[in-house]
Amino acid sequence: MQLATVFVGFFIFGFSENIKGPAIPRIQTDFGIDEMQVGTLLSFNSLGYLLACSFTAYLARKWGAKAVTLLAFGSMAASGVLIFASRTYPALSGSYFFMYVGNGMLEIALAVLAARIFVGNTGTMMNLAHFFYGLSSIVAPMIASGLMSVTIGGYTLDWRGMYLIMLSLSVIPMIPAFLSRFPGEEEHGGERVPVKQLMRDPAIWLIVLVLSFGVISEMAVGGWLVNFLEKAYHWNTSSASGMLSAFFICFTFARLLLGPVTDKIGFTLSLILFSVFSGLCTLAAIWAGEPGAFLFAAAGIGIAPIYPTVMALIAKKYRSGSDSAITFIVTLMGVGSVIGNYLIGAITDGIKKLFANASDPELGLLRGLQAGYAFIGVCALLCALCGAVLFAYLRKRKELL
């Protein structure tokens, strides 16, 4: 039941995170918002995620990880109802914020549970758990795109109905969560490590940077790739969603196949190699233009193992206080996600205005989209750079993992 909670939980998590790709252009049209406002919307969502990270550990100690996990799934289902009822941009922003509060709670709960039960072959098992996230992410854009065109009783579901249906699936993993007994609850979440002690460790700050840049590069694809392909190359929604699904196919099977590699060559070295590959693929895709669009999908191979490998690194390095370490790192990662999403929107909008040309009005939008998406690739390379500094630091202290 514990494994079912983790695996099914990540499967549903993948749906909630990656159905937004096909929905963003429709939301933008319905509310008449520009790219800057889209970036602000996604950043505001990350604030909900960040807020959840700040209080989830406290709730887990008071109520237990099981109750918090059930609350997280319930919040995600409720947010689907709120998104369905949204009729204004502020209302939608608030609903997204609430959804990401649930996502943040779930992120902490599943990470803590996985760190407690995956004591052997940690890299492989962490990647396998996150494989289920990728598995649902493959089909999420296609299902979302299909549902938005479904008509029931003369009513077209559109993006509101699609969110209602997809987020209602969060009820499913509540069943194994309710039936299972979470490990470590009798110790109220395990041994706690004081935050001040964690803050004195240079390695944890490097891990924060690695994870932040890696997550920005990973999560931004779900929100920006479909938008990029539709507006830069004039692809239709089906084709653009198909490329996003291709990204998640590469992403998912990389987690399945590369997990054992991380255990063999080491977590830190894996972070460097994989993030460099992802960054170079993304930048090469932009440089090559439309014929190189397949490289956007190939970038998923490199970025996929970053998050679970960092979680495996945390579980090994901070074995006696993984709960505190995960909460600390993921909370600060949330700050990076807020800034990252905002910067992508700001860069896109700023470069679009800089290159605005009355004789060719589409040139500014193209250059803006290229610059904004290039930032995603740059984040992957910065992830590798921070990983290299972490590698040198841990090797010097003979703590290399």
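A salt bridge is a side-chain nitrogen of Lys or Arg within 4 Å of a carboxyl oxygen of Asp or Glu. The legends below describe close-up views of a predicted model.

**View 1. Asp349 forms salt bridges with Lys352 and with Lys353 in helix 15.** The N to O distance is 3.2 Å for Asp349 and Lys353, and 3.6 Å for Asp349 and Lys352. Helix 15 covers residues 322-354, and Asp349 and Lys352 are 3 residues apart in it, a separation of about one helical turn. Lys353 lies 4 residues from Asp349 in helix 15, also about one turn of the helix. Asp349 is buried, at 5% relative accessibility, whereas Lys353 is exposed, at 59%. The count for the model comes to 8 salt bridges.

**View 2. Lys317, Arg397 and Glu399 are linked in a network of salt bridges.** The side chains of Arg397 and Glu399 meet at 3.5 Å, N to O. Arg397 is partly exposed, with a relative accessible area of 46%, and Glu399 is partly exposed as well, with 28%. Lys398 is in the segment after helix 16. Its phi is positive, about 60°, although Lys398 is not a glycine. Lys398 is exposed, with a relative accessible area of 77%.

**View 3. Asp158 in helix 7 has a positive phi.** Most residues other than glycine have a negative phi. For Asp158 the angle is about 55°. Helix 7 covers residues 158-168. Asp158 counts as partly exposed because its relative accessibility is 25%, and the partly exposed class lies between the limits of under 20% for buried and over 50% for exposed.

**View 4. The rings of Tyr133 and Phe251 form a tilted pair.** A search of the whole structure finds 18 aromatic pairs. In the pair of Tyr133 and Phe251, the ring centres are 6.2 Å apart and the planes are at 55°. Tyr133 lies in helix 6 (residues 122-147) and Phe251 in helix 11 (residues 237-265), so the pair ties together parts that are 118 residues apart in sequence. Tyr133 is buried, with a relative accessible area of 5%, and Phe251 is buried at 0%. Both rings belong to a cluster in which ring pairs link Phe13, Tyr133, Phe247, Phe248 and Phe251.

**View 5. The rings of Phe296 and Tyr373 form an edge-to-face pair.** The ring centres of Phe296 and Tyr373 are 4.9 Å apart and the planes are at 70°. Phe296 is in helix 13 (residues 294-303) and Tyr373 in helix 16 (residues 361-396), so that distant parts of the chain, 77 residues apart, are linked. Phe296 counts as buried at 2% relative accessibility, and Tyr373 counts as buried at 3%.

**View 6. Phe178 belongs to a nonpolar surface patch and has Lys66 over its ring.** The patch consists of Met1, Ile175, Phe178 and Leu179, which together have about 460 Å² of accessible area. Phe178 is found in helix 8 (residues 174-179) and is exposed, with a relative accessible area of 55%. Lys66 lies over the face of Phe178, at 5.4 Å from the ring centre.

**View 7. Helix 4 spans residues 65-85.** The helix has 21 residues and reaches 30 Å from its first C-alpha to its last, close to the 30 Å expected at 1.5 Å a residue. Buried residues of helix 4 include Ala65, Val68, Leu70, Phe73, Met76, Gly80 and Ile83.

Methods: Residues are numbered from 1 along each chain as its sequence is written. This is a predicted model: local features need pLDDT of at least 70, side-chain atom pairs count only at pLDDT 80 or more; totals for chains, interfaces and linings use all residues. Side-chain values use heavy atoms; hydrogens and water are left out. Patches are made of residues with over 30% relative accessible area and no salt bridge: like charges are joined within 9 Å, nonpolar side chains (Val, Leu, Ile, Met, Phe, Trp, Tyr) within 5 Å. Accessible areas come from the Shrake-Rupley method with a 1.4 Å probe; for residues, only the protein chains shown count as cover. Helices (H or I, at least four residues) and strands (E, at least two) are DSSP runs, numbered from the N terminus. Buried means under 20% relative accessible area, exposed over 50%, partly exposed in between (1.4 Å probe, protein chains only). Rings of Phe, Tyr and Trp (its six-membered ring) pair if their centres lie within 6.5 Å; planes under 30 degrees apart count as stacked, over 60 as edge-to-face and the rest as tilted. A charge sits over a ring if NZ of Lys or CZ of Arg is within 6 Å of the ring centre and within 35 degrees of the ring normal. The expected span of a helix is 1.5 Å times one less than its number of residues.
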